[in-house]
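Visitor: I should like to learn how to read a protein model feature by feature. Where may we begin?

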Amino acid sequence: MFIQKGYEETSIDEIIAEAHIAKGTYYYYFPSKEATLEEVINMMISDEVRRAKAVLSAPIPVPQKLVGIIASLRPEQSESNIADALNQKENIIMHEKISRRIVDEAVPLLSEVVSEGIAQGMFTCDHIEERVRMILIMSQHLFDNGSFSEGDIEVFIDIVEKTLGAQSGILGFIRGLIN
């Protein structure tokens, strides 16, 4: 219902009616509509992590794996109502909690890809998990709201390449994906 109608437009009474349960049963499991939203988001993140793990095991080049995993950890277009609800100022605490969980889930997956890139001589860096975490945090803050410039994209690609010790231009294909 959150996806179809939007979070704000969905009432607890509608959820209860759709689930065919008593109000007491609902409140036994969820103390509030926000708690229900959080559980829906947890289900979404679990699905995103499953998609990211599929990318990790795919027989594709390391740079494409990096981007594929990051892209997998974003809400699908059909889930935009829920993402919009998270971006409202009254949900800022939940938004931050979700962002931290996504980073925590993504770091081991991306670290494995970076290690693969190091083994192939594509990257030269240490402190892999810390570097991956910084890249994720930077990409979340830069790209989540959708207001970034061509210059932002160029600098982002440059920073990621330098952070991973990659040859200049190896991640240039990201430019086309973002555009």
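Guide: Let us begin with a single side chain and its surroundings. This is a predicted model. Setting aside residues up to four places away in sequence, Phe123 touches Val62, Leu66, Val114, Gly117, Ile118, Leu164, Gly165 and Ala166.

Visitor: Which residues have the most contacts inside the largest nonpolar core?

Guide: They are Ile69, Val114, Phe123 and Leu164, in a core of 44 residues. Two of these names, Val114 and Leu164, also appear among the residues that Phe123 touches.

Visitor: Which elements give two or more residues to this core?

Guide: Such a list is read by asking where along the chain the contributors lie. Here they are helix H2 (12-19), helix H4 (33-56), helix H5 (62-72), helix H7 (92-119), helix H8 (128-143) and helix H9 (150-164). The most comes from H7, which gives nine residues.

Visitor: How many helices and how many strands are there in the chain?

Guide: The chain holds 10 helices and zero strands. Its pattern, read along the sequence, is therefore written α-α-α-α-α-α-α-α-α-α.

Visitor: What share of the contacts with a separation of 6 or more comes from residues 24 or more positions apart?

Guide: Such residues account for 60% of those contacts. Gly165 and Phe123 offer a case to examine: they are 42 residues apart along the chain, and their C-alpha atoms are separated by 5.0 Å.

Visitor: Where is the place of Gly165, and which residues does Gly165 touch beyond those up to four places away in sequence?

Guide: Gly165 is found in the loop between H9 and helix H10 (173-178). Its contacts of that kind are with Met122, Phe123 and Thr124.

Visitor: Does one call Gly165 buried, partly exposed or exposed?

Guide: The label follows from relative accessible area: under 20% is buried, over 50% is exposed, and values in between are partly exposed. Gly165 has 26% relative accessibility, so it counts as partly exposed. Over the whole chain of 179 residues, buried residues make up 40%.

Visitor: What is the accessible surface of the chain, and what part of it belongs to carbon and sulfur atoms?

Guide: The surface comes to about 10100 Å², with 56% belonging to carbon and sulfur atoms.

Visitor: I should like to turn to aromatic residues. How many aromatic pairs does the structure hold?

Guide: There are three aromatic pairs. In reading a pair, one considers the distance between ring centres and the angle between planes. For Tyr26 and Phe30 the centres are 5.5 Å apart and the planes stand at 40°, so this pair is tilted. Tyr28 and Tyr29 form an edge-to-face pair, at 4.9 Å centre to centre with 85° between the planes.

Visitor: Why is one pair tilted and the other edge-to-face?

Guide: The angle decides, because planes over 60 degrees apart count as edge-to-face, those under 30 as stacked, and the rest as tilted. An angle of 40° thus gives the tilted label to Tyr26 and Phe30, and 85° goes with the edge-to-face label of Tyr28 and Tyr29.

Visitor: Are Tyr28 and Tyr29 buried or exposed?

Guide: Tyr28 and Tyr29 are both exposed. In the other pair, Tyr26 counts as buried because its relative accessibility is 2%, while Phe30, at 23%, counts as partly exposed. Tyr26 and Phe30 also belong with Tyr27 to one aromatic cluster.

Visitor: How many salt bridges does the count come to?

Guide: The count comes to nine salt bridges. For each, one may read the distance, the location of the partners and their exposure. Lys65 pairs with Glu116, and their closest N and O atoms are 3.2 Å apart. This bridge links distant parts of the chain, with Lys65 in helix H5 and Glu116 in helix H7, 51 residues apart. Lys65 is buried at 6% relative accessibility, whereas Glu116 is partly exposed at 25%.

Visitor: Which residue forms a salt bridge with Asp104?

Guide: The partner is Arg133, with closest N and O atoms 3.2 Å apart. Asp104 is in helix H7 and Arg133 in helix H8, so the bridge ties together parts 29 residues apart in sequence. Asp104, at 47% relative accessibility, is partly exposed, and Arg133 is partly exposed at 29%.

Visitor: Which residues are linked in a network of salt bridges?

Guide: Asp47, Arg50 and Arg51 are linked in this way. A further bridge joins Asp126 and Arg131, whose closest N and O atoms are 3.0 Å apart.

Definitions and conventions: Residues are numbered from 1 along each chain as its sequence is written. This is a predicted model: local features need pLDDT of at least 70, side-chain atom pairs count only at pLDDT 80 or more; totals for chains, interfaces and linings use all residues. Side-chain values use heavy atoms; hydrogens and water are left out. A nonpolar core is a set of buried Ala, Val, Leu, Ile, Met, Phe, Trp, Tyr and Cys residues joined through side-chain atoms within 4.5 Å. Buried means under 20% relative accessible area, exposed over 50%, partly exposed in between (1.4 Å probe, protein chains only). Helices (H or I, at least four residues) and strands (E, at least two) are DSSP runs, numbered from the N terminus. Contact means heavy atoms within 4.5 Å. Rings of Phe, Tyr and Trp (its six-membered ring) pair if their centres lie within 6.5 Å; planes under 30 degrees apart count as stacked, over 60 as edge-to-face and the rest as tilted. A salt bridge is a side-chain nitrogen of Lys or Arg within 4 Å of a carboxyl oxygen of Asp or Glu. Accessible areas come from the Shrake-Rupley method with a 1.4 Å probe; for residues, only the protein chains shown count as cover.
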